[in-house]
Every structure is written in C-alpha cells, then in structure tokens.
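Trainee: Could you walk me through one helix of this model in detail, and then show me what surrounds it in the rest of the structure? I'd like to follow it on screen as you talk.

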Amino acid sequence: MQKGESPIIRFDGVSKYFDDFQVLKGITLAVGPSERIVICGPSGSGKSTLIRCINGLEGYGAGDIFVNDVRVGSDAAGLRAVRARVGMVFQQFNLFPHLTVRENLMLGPMRGRGMSAADATRLADRYLARVRIPEQADKYPRHLSGGQQQRVAIARSLCMEPQIMLFDEPTSALDPEMISEVLEVMAELAQTGMTMIVVTHEMGFARRVADRMIFMDHGEIVEVAPPETFFTAPKSRRAQDFLQKILNH
Amino acid sequence: MRILTALAAILTLSGCSSNWGWYVVNPSTASGAANLKFMLSGLSYSVQLSATAIAISVVIGLLVALPGLSSNVWARRASRTYVELVRAVPILVLILWVYYGLPQVTGLSIGVFWAGVIALALSDSAFQAEIFRAGIQSIARGQYEAAYSVSLGYRDTMRYVILPQAIRRILPALGNQLVYMLKMSSLVSVIGMQELTRKANELVVVEYRPLEIYTVLVLEYLVLILIVSAAVRWFERRLQTDERS
C-alpha cells in the first residue's frame, strides 16, 4: 500500500473454485483509500472473478475479504451495506432497458439508499452532467451509443456516492472510437481521490492513472509493481510474455 | 372483421332453407328480443368469472414461479410439484371436485361463482407459473448484478428491474391465457353457473332450436374474445411505445 493508513479492502488468502477448477489461489492483497489499481492478465486468469468477489457478486470458498473491516459474506444485510459503498461498472453496461437514463440513475439512491424522488433527481442530474451527457436524461438506454451507455453506467454507480469503484473491462465491448470518452471520465474520477480497481487491457490508461499494477495469471497474483517498473522491467517471465503480446499487437 | 361478415352472410343465406329458424333470436320480434336478452344476460357472469380467476391465477402463478427459480433445491421441488400436480387435473374435473368435493372436506359451502373461480384460477395458475418462470429466466444475469451493485435487495430487484422486463416479454402469453380462461369459463355451466353457455343451454331446452341458439353462443364468444385480443394488443403496443419515445 502506498497511500493512506489502514486498508479499505483486504483479501486474506482467498480461494475460489468453479467445480474442480480453482479460479483464485490464495489471494492476499490490501488496497488503501484513494489507491488506483489496474489489474491485467490473460483471459481466464481470474481478474474479473477477483473484483466480483469484492461486492459479493461471486462467493468465495476459503479466506476472508473485508471492505472497511466488514467481512463480505453471505449475510444479506451486510452485503447490501458493502454494495452501497462499492460501485461497479460492467463490460456489458447492464443498464436497465425499461427505464430512462435518469430513472436508471435514480433507482439505486431511492431503493438502495432510501432517498426521496426529488433528491434522487437532483443527484442524477448532477452526475449526468459530470459524465457530460445531461441532454440524454429522458432517453432510453438503447438510443445511446455504447460510449454514452457506459458513461451512464458510471454515473449510475456514482449516484450511490461510493467509496470504491470497480471496473470490469469497461471498454472491452466498445467500438474503438468510443473508448477514449469512457477512459477520460474514469481518469477524471481518479483525480477526485476515488479508490478504484480497474480490470482492463488499456495499458495507456494504466500507465497514466494506476498507482499499482497487478498482474494475474492462473488465479494467482504474479506481480505487483508501480506502472513505471511494471511496463519497463517486469520481473516475472509470465508478465514479460503477456506484455510482449499485448503491447506489440 | 371480414371473416365475421362472411360468416354472417353464410349463416343468413343458409337461414333461407327450411332447416333454420332464426325467429327464435330475431331481435325485431318480441319473443326473439327477449331470448337474445336472456342469452346476453350471462355475459357479465362469464366476464366476471374469467377476470377474477385470471387475477388470482396470475398472483398464484408468480408466487409459485419465484421459488421455482430459487437456489434452494426444496423450494424448486415444491414449485415443480405444484405445477405438475395441478397441470395434470382436467379443468372440468377440478370444477366438479371443488364444487362437490371441497365443501365436504372443509365443511364450508362454496357458491357456484366462487367454486368456478377457484377451479379456474387453480388450474390456470400452473400455466401462469410456467409462463412467469420462462419470462424471468429470459432476463440476463447482468440485470440482477447491476441491481445488486446499486444495493437493491432481492425484492426490489424483482419488483423494479426483473419483473417489469419479464412481464413485457410474456404479455402475449398472458393474453393467450386470458382468452383461454374466457373459453374455459363455459365449463362452469355444468355446476349451474348462469353464464353464457348455461343460458344458451336453458334456452335450448325451452325453444328446441339448438342450431340457432348455439350459433349465437359461438358468436358471443367470438366477439368477446376478439375484443379482448384487441385490448391485449393495444396494451402491448402502448408498453412498447413507452420504451421507444
């Protein structure tokens, strides 16, 4: 940990199996407040599973995960409390297609935080302005471009006013010309001091924004390093091979 | 509408032959008008019976479908058992059993109307449960995850995210069930419910004109169901434009 004192997220020897296949192998990791972490690695390395365990979208077998010293477990009320402080952005956006953009943003504050409709509307409009699409508030998600949809999804998470934001390959489903508008919003968010964990293959973004790079392979954390070191002098053979493939394609 | 006109034309033409006696339901004669009025007086019972039954069966269907999608194996089995058992009983048998059998078991006497409602609702609920299950299963996992990630609980996730989408998708199937229910309500005539079919039966006994009277009965159901279908389609379109605006 580089910033802050006590960790905001802590993995203690976390393992997880899908039937016989071990997706996570004794992960131990601490993330400090305002830290920005980028996780990369080959597909099937367990990076998505790792961040999905943080807000309990995936359960885990052995070990413990703590968010703000609350154990992420199976108890429903505890999980909802964790989810209220941890926002998540998905590869496929997962906007609610039957609700307008503004309603997408208001649902969490109203039903998850018990906010009034008037307050939730104000909050929604504030965050829509922040991701620079206030004029789309009354449209339905399918009328928006992919980049706009993903920005709505980011705003939807921010409306929960979380301490931590998780991004699960947020630009992988986007057309190339839309990637930068999403990365820009994420970079701005990083400057506000938000704790962020980002699974991505966007190495330019990682270099600019990350405090630490985490390289995963076969369910293990193989290498943890600041981006300068990771990109110029990766220690492990597996990280070298991975960077070779991804940077020279 | 064209089909209806053609049908009416055929019936009128063949009515010229000696086999037909339209006088029995001819609205321009006093007795014919009275007969027609008598037949139509069953309409409100048919509609009330079907509407009440479908309202109840949708609720039961949903309550049976939800545990069917649970991760708990016993909840799933209970739901499955209900569907298999109820679906296996013919509606007519269920009507007879509820009307003649259930009072003996419970000691309560059940009126014809409520016996009909209970039987139709129970029978239909198994199908409703399957329709809901299919509808809910068709919603992508990402929708649950997005709802959970903004701190919604299971109930709110179902209520505000999953069911509104699922119900849009199953609306055509629900419309089908409503039509089916209107038709099956004719079976409740066997226990003496004064709905359309029973009225027609009673009139036939008095007038000895089954051909004309049952033809009118067919038309009554036809018109009723065409109206319901049109209403369902209108509602479907309205929901779609809601999303498109």
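**A helix with two sides**

Mentor: Happy to! Let's start with helix 9 of chain A, residues 237-247, where Ala239(A), Phe242(A), Leu243(A) and Ile246(A) are buried. Look down the axis of helix 9 of chain A: the buried residues fall within an arc of 95°, so they line one face of the helix. On the other side of this helix you will find Arg237(A), Gln244(A) and Lys245(A), which are exposed. Keep in mind that this is a predicted model.

What do the buried residues of helix 9 of chain A pack against? Their partners, also in chain A, are two helices, helix 7 (203-209) and helix 8 (227-232), along with strand 3 (36-40), strand 9 (212-217) and strand 10 (220-225).

Now for the nonpolar cores. The largest one has 51 residues, and those with the most contacts inside it are Ile154(A), Met165(A), Phe167(A), Met186(A), Met196(A), Met213(A) and Phe230(A). Helix 6 of chain A, residues 176-191, gives this core its largest share, eight residues. Pick out Ile154(A) for a closer look: setting aside neighbours within four places in sequence, Ile154(A) is in contact with Val89(A), Met165(A), Phe167(A), Val182(A), Val185(A) and Met186(A). There is also a second, separate core of 48 residues, which includes Val67(A), Phe90(A) and Ile164(A) as well as Tyr144(B).

Tyr144(B) leads us on to the pockets. The largest pocket has a volume of about 730 Å³. It is lined by 22 residues, and the closest to its centre are Leu69(B), Ser71(B), Tyr144(B), Tyr148(B) and Tyr154(B). Both chains take part in this lining: helix 2 (76-85) of chain A and, from chain B, helix 6 (112-137), helix 7 (141-149) and helix 8 (154-184) each supply at least two residues. By type, the lining of the largest pocket divides into 11 nonpolar, six polar and five charged residues.

The second largest pocket holds about 210 Å³ of space. In chain B, helix 3 (43-68), helix 8 and helix 10 (210-244) each supply at least two of its lining residues, and helix 8 of chain B provides the largest share, five. Among the lining residues are Ile54(B), Val58(B), Gln128(B), Leu171(B), Val228(B) and Phe235(B). Here the lining has nine nonpolar residues, three polar and no charged.

Key: Residues are numbered from 1 along each chain as its sequence is written. Chains are lettered from A and ligands numbered from 1 in the order in which they are written. This is a predicted model: local features need pLDDT of at least 70, side-chain atom pairs count only at pLDDT 80 or more; totals for chains, interfaces and linings use all residues. Side-chain values use heavy atoms; hydrogens and water are left out. On a 1 Å grid over the protein atoms alone, a cavity is a set of points where a 1.4 Å probe fits but cannot get out, and a pocket is an open set with protein on both sides within 12 Å along at least five of seven lines; lining residues have an atom within 4 Å of a point. Grid points are joined across faces, edges and corners, and a volume is the space filled by probe spheres set on the points. Helices (H or I, at least four residues) and strands (E, at least two) are DSSP runs, numbered from the N terminus. Ala, Val, Leu, Ile, Met, Phe, Trp, Tyr, Cys and Pro count as nonpolar, Asp, Glu, Lys and Arg as charged, and the others, Gly among them, as polar. Buried means under 20% relative accessible area, exposed over 50%, partly exposed in between (1.4 Å probe, protein chains only). The arc is that of the directions from the helix axis to the C-beta atoms. Contact means heavy atoms within 4.5 Å. A nonpolar core is a set of buried Ala, Val, Leu, Ile, Met, Phe, Trp, Tyr and Cys residues joined through side-chain atoms within 4.5 Å.
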